[in-house]
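Trainee: Could you take me through one part of this structure slowly? I'd like to look closely at where two chains meet.

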Amino acid sequence: MANLSRRNFIKLGIASGALLSAGEGLVSPALAGSVQLQHGGKDFDFITGTERKAVPTACWSCETRCAAMGYVEDDRVVKMESNQNSIRTEGKMCAKGQSGPNDVYFPDRILYPLKRAGQRGEGKWKRITWDEALTEISGKLKKLRDDGQPEKFMFSYGLMKASSAALIKDVFLETYGTETIGNHESTSNSAKWAAQELTWGRHYDNWDFDNTKFVLNFGSNVQEAHSNHVPLSNRLIRARVEKGLKSVTFDVRYSNTAAKSSEWVPIKPGTDGAVALAMCSVIMQKDLYDKDFFKFIRASENVNASVDEKVAALKSHLAQYTPAWAEKISGVSAAKIESLAAEFAKAKPAVVISSRGAHAHFNGCENERAIQMLAAITGNIDNPGGRCRGVEPKWESPEGPKDKPKAKRLEIVDGKGTALPTHHVSHQSLKMIKEGSGGRPDVYMWYCYNPVYINGEANENAEILKDEKLIPFSVVSTIVYDESSKLADIILPDATYLERWGWEDQVCPTQVPEYYIRQALIKPLGEARDFGDVVIQLAEKMGMPLGVGATKEEFVSKSCEMTPTVKAAGGIEYMKKHGVWHDPNDKPQYYSYKEEVKTDGAVLDEATGVYWKGNAGEKYASTEGAYKKYVGQKIGDKVYRGFEPDKLNKTGYFELYSAIMKEKGFGPFPTWIPIPEHEKMKSDELILTTYKVAVQILSRSSHRKWLSELYYNNPAWINSQTASARGITDGDKIKIKSSVGEIVTTANVNEKIIPGVIAVSFHVGREESGRYGSGNKSPMAHDEDPDLARKHWDAHGVNPNKVISNASDPISGQMRCMDTVVTVTKA
Amino acid sequence: MKKTNVMLETARQRSNIYGFLSLIYGSEAGRTLLQRIKEPEFFSELSDMGINFEDDFIQKPEDELLEELAVEYTRLFLGPGKHISPHESVHHKRDDGDWGTLWGADTVEIKKFIAASGLEYCSGFTGLPDHISVELEFMQKAVSREAQAREEDDNDGALYCLRIQKKFIDEHIMKWIPVFCDKVVAEAKLSFYKEMARLTKYFLEFEKDNIHKYFAEDGE
């Protein structure tokens, strides 16, 4: 053979190309389609050669609930990936999502209904049948209902959202008639939600990283944990890398989000509001505000005030909050506050983001209102590149019986003396049960929830849950034996999210709603049952048929047929095949407050300028539930959709001046509220702050071996100055003591946290959650997992909730996860 | 020429050669194919590479040649009687001993490999999944997809396609086609199939020796 050069082959290739394209009918291919890049096509196990079936579904590790693909091999879930067609996630999935198969197969999983055999909490159990379990529970529930005391059935839930909430809460619990319902939101974001309900109406904000020019971050660790984690973190990091987007993070810790920002500005815990107020002050005094947006702002008692009057009122209120004043409180220099204020106001568009670092404090709601104000006065609300109201899909679903009873409730879910508990104050419920003035439940049932671990004063929570005199009968549906389920009377084995059906509705960062469903990848293991199915069965047994289908799967199918847009796309069959759907013709939803609305059938409430469907003689502001009848806001001679209310009778303005707050005895404008305990701290005291990490999920994941191998221990972060003042060096055993308890952990001495603070993460410190999470074997667990022998860690960390009290923000009821005063000594 | 254009051009022409070779083995040579091969542009390229047909190809009248080539194709690849089955599972000596028959372990492997890439067999295709023409067509399409990625400046996509190609060449093509070609060279009576088998083997060996270079941006 002569010339085997690349050049000759290229020439032959050219000639071949001409040949191939020449004769008609020359080529009759065997293969159709084209090679797909990444993730495409079918998937096979490299070892066994078994084909993996790819099933579109949805993750349910954290609240983000990303559209996902589950890979199933011989009826076994082997892998989780993202759904490449999701406009929310853009085909990205985090470590938490990828660890999903661990949820199904961890060796300590609860797989059979269990009934307590010994004393409560003693750890003795007997296996019972589902029929026995349902008969006993429904018997007790039916009796309460028949006796006219449905409120004595208390139900608490954690991450129960979308279709689960629609079926379990809106259908089952409403049909039953109890409103003694608690959730986890006061340990999460209730201060922020209340602040949003006060200012722009319905809660939940989206951050438009795709279109923004500047990010100002008050205490969000969005790169590690957020209720819309991957959709946002993916976009933020992309904009940082590809466009050089500037981002500035205020945080007590050098979090991974701070590390991935252009600048980390260290700040004292709970003082974000002071900095935000001072920035607002600079922007107003220097006339850097967005005058056009003031048309939609309420800034005085008079709803008809002119823009100039509103500007003057705000300038006057903010004059007290100078940068120099804020520097003394926050530790952030006045010069930095001034320059960032100007930069933020001029960036256009800019987005201010925030989370628990700013609002899980005594003053959380006010801090968040100040942050909302910063966005509003610069016109960065509901605009491309700004802080937008979240857009989620609007599912329709079966509603159950038409005639539902008027719900009754025990006064134990809203705390005591909370001004606006719009998302409840459930972390105080156990304490209130102990105290007794609000009544006590006869039956306590919880789901997706671990009240002992996730609320403050963890030791007391356990004592209360254990006390049969306080709570005579308790039931939990769970996959894991944890600190709370160990204290239940009956444990129902729940299906994991990979074994059940659902539709999901989390917000999409593109401002276009994405509809997506979860389909069961496999049948539930053992005797596990989806709690959605269980409530349907309980209702049947009580003679209270719900009429929503026999299973959750049917409920989801019906929802797909009832939701017009999904039905038009092809209904349940389309969703089963693709998992996600959005209308390609949908435009991103910005500026919806500017829409003019028709006022047919509505009346004008002169005092507020609100058009609403109220009755003659009723006043909008003082009529209970009036917000549900809101139609529009009169501004000048037009009526706008405005910032429609939700949960509170606010006007349709963006309310920087809140008559509701005034009536509750607080400042109508966002105001600085010092944290009382911080004002009188002794020199040896520190502030305990908390945080979450990227590879664990609240209290939901320590049983997942892939995650716990990555993160199983949580030494306390302490600044080297603070440590040396106490004779503490890195790795020392230390004792953290507060007014409610103490924990012993090790010191992680570093420079990534400001002096005067100690930081302990959540997630770990588990007393139960199986061998991977706690070292303890759960009842009736098996030993078949070969990785049990490979587990190389004995440390399981500490739970900071043992030293955090259940005190709360007096406005929203938010638990103060970030501002506990403690002493730290060598142990 | 910009570096990326060199890689784009290389991918396009590699794909074409795979396509051409796939045609040769896919069925008996038809009139159009023969005419195209005999055109001076094509003929001279083959000649430059040392592929030289004898008079049994060059001088024979077209109808007669078509008939002879059809008989030869059938005799070589289809039977009846002793023939050289153009399927991987017959030739690819596997460590597990599962080879030597039609519809063997490698037939399944090929079917899966191709399905995993996103391609599917045409509903009208009646052959076995591991036929030589299918494997060459698969390479044609995988390299063609690489070319598309390069056109779109999608370097990650191009590298992904190259990884597929390299895996397929290492795990399948080189495990049997050169051996198969040797058998054809030994058994063929007409110079056409003898020379085509030589060309196939030389091209694939060139591929094996050079594909790792294509992972680098400049192809060197």
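How many residues of chain B are in contact with chain A, and how many of chain A with chain B?

Mentor: Sure, but a word on the model before we start. It's a predicted one, where local features need pLDDT of at least 70 and side-chain atom pairs count only at pLDDT 80 or more, while totals for chains, interfaces and linings use all residues. Residues are numbered from 1 along each chain as its sequence is written, and chains are lettered from A and ligands numbered from 1 in the order in which they are written.

Now your contact: 46 residues of chain B touch 36 residues of chain A, where contact means that the C-beta atoms, placed from the backbone, lie within 7 Å. Several elements of chain B supply at least two residues each to that side, among them helix 2 (31-38), helix 8 (132-151) and helix 9 (155-187). Helix 1 of chain B gives the most, with ten residues. Helices here are DSSP runs of H or I with at least four residues, strands are E runs of at least two, and both are numbered from the N terminus.

What kinds of residues does chain B bring? Its side divides into 23 nonpolar, eleven polar and twelve charged. Ala, Val, Leu, Ile, Met, Phe, Trp, Tyr, Cys and Pro count as nonpolar, Asp, Glu, Lys and Arg as charged, and the others, Gly among them, as polar.

There's a bit of strand pairing too. Strand 1 of chain A (residues 31-32) runs antiparallel to strand 1 of chain B, over two bridges; strands pair if DSSP finds at least two bridges between them. One of the residues involved is A:L31, whose bridge partner is B:Y121. Strand 1 of chain B (120-121) is also on the list of elements that supply at least two residues to the side touching chain A.

Key. Contact = placed C-beta atoms within 7 Å.
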